[in-house]
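Colleague: Can we go through the cysteines and the charged pairs here? Bring up the structure and I'll start asking.

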Amino acid sequence: MSSSLERFEKHITVTETGQIAVDILAAETCLSKQLLKKVMLKGAVWLTTGKKTQRLRRAKRELQKGQALHLYYDADVLERKPTPPELIADLGHYSIWNKPYGVLSQGSKWGDHCTVTRWAEQHLTPERNAFVVHRLDRAANGLIIVAHEKQAAALLSGLFQSRQIDKRYRVWVKGEFPSTATENSPVNVDLQLDGRHASSFFTRLTFDADKQQSLLDVHIETGRKHQIRRHVSSLGYPVVGDRLYGNTNDQVNLQLTAYYLSFMCPYSQKIKKFNLLSDSDALTK
């Protein structure tokens, strides 16, 4: 996918009822209809009707006078290819996925084809809508919940907000983390992030003397942006592969995995547990 314009946006007011979306976009831009159809499928075109704006994927949609089309074209974003996430469990109202490194939890106005939610919409049987429940950093990997109904999204989001979901992580950090950080006495970082309370607990599992890296088990009581990365970096042990809060020259992927989720299913009222750990009870790089 290419264009003489690598990144631009276009906002068009529909002047006549019955006009076709792709025809309007082609007339107002330098892009071909074939390319525009691909752009629309990747979630970079939006339609405003009154006060409501949502993605428009159907190229031949007939529009009404007064509606507005919005095209957000970014060649770099649109050329990216999604890495397939792994379906862990399909529970109907929601599903559990293992998100790979580089896959997004949520899209932007420039597209959503590289997100877990869009992959779920396109690959689950039967087909269903997908809604974001919680987020996992693009650079991180591991378990993520995707809702398939607005009610499910609200119920599951409520569990996160009320801290009724047990989330656990494994991270490799640089340096020899204190051996005193045990399961019964983890290192607690209670440090505000962006003006909001945030609390994390770190337990050392092992230390690789050759690489001078420690494997930690992490439990968080809150879910702030980049919380684990920021908290452990504040202790002087940045996550391996963290080019934002650690070494900007790191060439490996971020070594942070969301390996465990446990919660009471709001539909079955039974405890659901999901664990990515192998029988060896360790995650390796």
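Colleague: Is Cys114 buried or exposed?

Modeller: Keep in mind that this is a predicted model, where local features need pLDDT of at least 70, side-chain atom pairs count only at pLDDT 80 or more, and totals for chains, interfaces and linings use all residues. Residues are numbered from 1 along each chain as its sequence is written, and side-chain values use heavy atoms, with hydrogens and water left out. Buried means under 20% relative accessible area, exposed over 50%, and partly exposed in between (1.4 Å probe, protein chains only). Cys114 has a relative accessible area of 11%, so the label is buried.

Colleague: What about Cys30, and how many disulfides are there?

Modeller: Cys30 is partly exposed, at 48% relative accessibility. A disulfide needs a pair of cysteine sulfur atoms within 2.5 Å. Searching the whole structure for such pairs gives a count of zero.

Colleague: On to charges: how many salt bridges does the rule give?

Modeller: Side chains of opposite charge can pair when their charged atoms come close. The rule asks for a side-chain nitrogen of Lys or Arg within 4 Å of a carboxyl oxygen of Asp or Glu. Counted that way, the total is 14.

Colleague: Take Arg7 and Asp74: how many residues apart in sequence are the parts they tie together?

Modeller: Their side chains form a salt bridge at 2.3 Å, N to O. Arg7 sits in strand S1 (residues 7-13) and Asp74 in strand S4 (residues 68-74), strands being DSSP E runs of at least two residues and helices H or I runs of at least four, numbered from the N terminus. Arg7 is exposed at 51%, while Asp74 is buried at 8%. So the pair ties together parts whose separation in sequence is 67 residues.

Colleague: Which residue does Lys109 pair with?

Modeller: Lys109 is in the loop between strand S6 (94-99) and helix H4 (116-123), and its partner is in strand S1, 100 residues apart. Lys109 is partly exposed at 36%, and the partner is partly exposed at 38%. The salt bridge, at 3.9 Å from N to O, is with Glu9.

Colleague: And what is the closest N and O distance between Arg230 and Asp194?

Modeller: Arg230 lies in helix H6 (residues 227-234) and Asp194 in the loop between strand S10 (187-190) and strand S11 (199-208), so this pair links parts 36 residues apart in sequence. Asp194 is exposed, with a relative accessible area of 57%. The closest N and O atoms of this salt bridge are apart by 3.1 Å.
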